[in-house]
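Reader: I have a model open and no idea where to begin. Can you walk me through some of it?

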Amino acid sequence: IGGNVATVATSSPGVAAVAAVPPGKGEARGDCGVGPSSGREPREVGSPCAARSLAVSSPSGKITHSGDVSAVVVEDQPDVSAVLSAYNQQGDPTLYEEYYSGLKHFIECSLDCHRAELSQLFYPLFVHMYLELVYNQHESEAKSFFERFHGDQECYYQDDLRVLSSLTKKEHMKGNETMLDFRTSKFVLRISRDSYQLLKRHLQEKQNNQIWNIVQEHLYIDIFDGMPRSKQQIDAMVGSLAGEAKREANKAKVFFGLLKEPEFDVPLDDEDEEGENEEGKPKKKKPKKDNVGSKSKKQDPNAPPQNRIPLPELKDSDKLDKVMNMKEAARRVRLGPECLPSICFYTFLNAYQGLTAVDITDDSSMIVGGFADSTVRVWSVTPKKLRSVKTAADLSLIDKESDDVLERIMDEKTASELKILYGHSGPVYGTSFSPDRNYLLSCSEDGTVRLWSLQTFTCLVGYKGHNYPVWDTQFSPYGYYFVSGGHDRVARLWATDHYQPLRIFAGHLADVTCTRFHPNSNYIATGSADRTIRLWDVLNGNCVRIFTGHKGPIHSLAFSPNGRFLATGATDGRVLLWDIGHGLMVGELKGHTDTIYALRFSRDGEILASGSMDNTVRLWDAVKAFEDLETDDFTTATGHINLPENSQDLLLGTYMTKSTPVVHLHFTRRNLLLAAGAYSSQ
């Protein structure tokens, strides 16, 4: 179910929108909303409607947030023609090059302070003018326009331009997803008021209606008061399919604090003080500050209310696990620039089946690999073998009152180091162990997510909802809930006991490539091939953050253990760091030369480890990266971020493998770093 863009064809009755329109937003949308109304007459520059759709401050000119634009599926789509009809003949085709070069000349001759901001117009105008020429079947003019100006665009738009160059006829535009996205989502530019006035004056003096119409129809100009931004500041934030995020998109309050753990008494053999010190941390990753003892007793001021979303009750086995956790934590190594972790690398040799996904249990006792031959393979990493539960007949003979009943139900005859799980009918792209180690999730190209029992090593449920490949899945740190994201551009939230999704998170303009739960389980981060990262609220399904800045599809996400920060890695080889509370980019780590597939913070958050296709693991100083951040209100309001060029100071070490791309990273409870990947012989 890829829904539809609710506003594109208001007349077609059979189109359902996945993302519900919040009350009160509907009026604004029809007026100058996300999609154009079909067959609109070119309007005069001075007309009141023209002025209104650009004045960002006027109430009816607000364009609803892009969370409302859900994925567009090309089949059975009645409204493609409505989307495209906005390109109805609007100007003399022979003058397009003149219009564009005139604007180009004007921007290049403007003052330095405005030039950087106005240069953002080049790319969206170039695309829309080209598409307008193609749509109106001026093929030769379109070709010469493309050839003349495509070299001027920023290098990070190369991939999009390649797709664009293949659209040379009107028929090509009908089924092209990239095209439709560009048409239906307004391209967002953030420009200071001074630069905007300059542009408006120029276009009105020149009577350049063609460009002015495109600016109104297809661009959303987010105007801010204050200094124009520098080229460097703009470059840091742009690069996604739909331009930057609107400032409104990152204004909502996010409860990024950690939940208070239930307190229970633990017999702590001799290690009272240390154990006590670790009380009350989420299962997945436990930050340890100096005042941890006191912190766990008090509610974190930034934490969501304990019952904001229903979480599963702790079972006795979970409590035992927590006790083990605390004991381990007491022996944990404190990492830092002077004390780097040892790294243990699990290399999958002879993995001719094609390793596509890896996960390691929280207590580091099992490792799972998803393979391109549709199998899921589980290994025991400890001397303890993997065993299945006995058959029903044998189980009935067991004395249920005996102390070692849990041991007795396991069948020794089935003990082995490796179990292979069959069931998928396509490559397995994501795997995730449940926190209690009873279940395993896998998602595949076949469009399903499967839940496997690690007691019987059989498939319990196949969750069907995605119609296309599912690229990633992950269990919540509290179990029970899990998230999946796929080629249908939607992320779905599921609960293990429901066969239909509880929430559908729609808004990305391309595949959802990776998904991650926040440590408090109230939020989900998704990374996408549209080069943005979104943070979603599990409670109501709203998109509460949109982060732009990567220049390629996102392939890895990691939350810091204290829940305040997010690290993201992409095909551009950069790791970007984000402050969730303020919705700001706060750092950029350069060094990798290829896609980053793995990111993980150490258990106390002092070190960030990144693993890449360039066959290296790099360690970064996370404490230093996040200290004394500039998060004053001005920066938050305008996006004047100044990223320090300090990647080299933050890089603590680079570790090469012989020829193994790094697919997964995991810190054990004692801060030993485990890495995994398949040896590639080329």
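Author: Start with R332 and D604, whose side chains meet in a salt bridge at 2.5 Å, N to O. A salt bridge here is a side-chain nitrogen of Lys or Arg within 4 Å of a carboxyl oxygen of Asp or Glu. This is a predicted model, where local features need pLDDT of at least 70 and side-chain atom pairs count only at pLDDT 80 or more, while totals for chains, interfaces and linings use all residues. Residues are numbered from 1 along each chain as its sequence is written, and side-chain values use heavy atoms, leaving out hydrogens and water.

Reader: Is R332 buried or exposed?

Author: R332 counts as buried, at 6% relative accessibility. Buried means under 20% relative accessible area, exposed over 50%, and partly exposed in between (1.4 Å probe, protein chains only). D604 is also buried, at 5%.

Reader: How many salt bridges does the count come to?

Author: The count comes to 33 salt bridges. One of them joins D160 and R531, 2.6 Å from N to O, and both of these residues are buried.

Reader: Which residues are linked in a network of salt bridges?

Author: D321, D362, D363, R437, R603 and R669 are.

Reader: New topic, helices. How many of the 10 residues of α12 are buried?

Author: In α12 (residues 209-218), 9 of the 10 are buried, so the helix is largely enclosed by the rest of the structure. Helices are DSSP runs (H or I, at least four residues), strands likewise (E, at least two), numbered from the N terminus.

Reader: Which residues of α12 are those?

Author: Q210, I211, W212, N213, I214, V215, Q216, E217 and H218.
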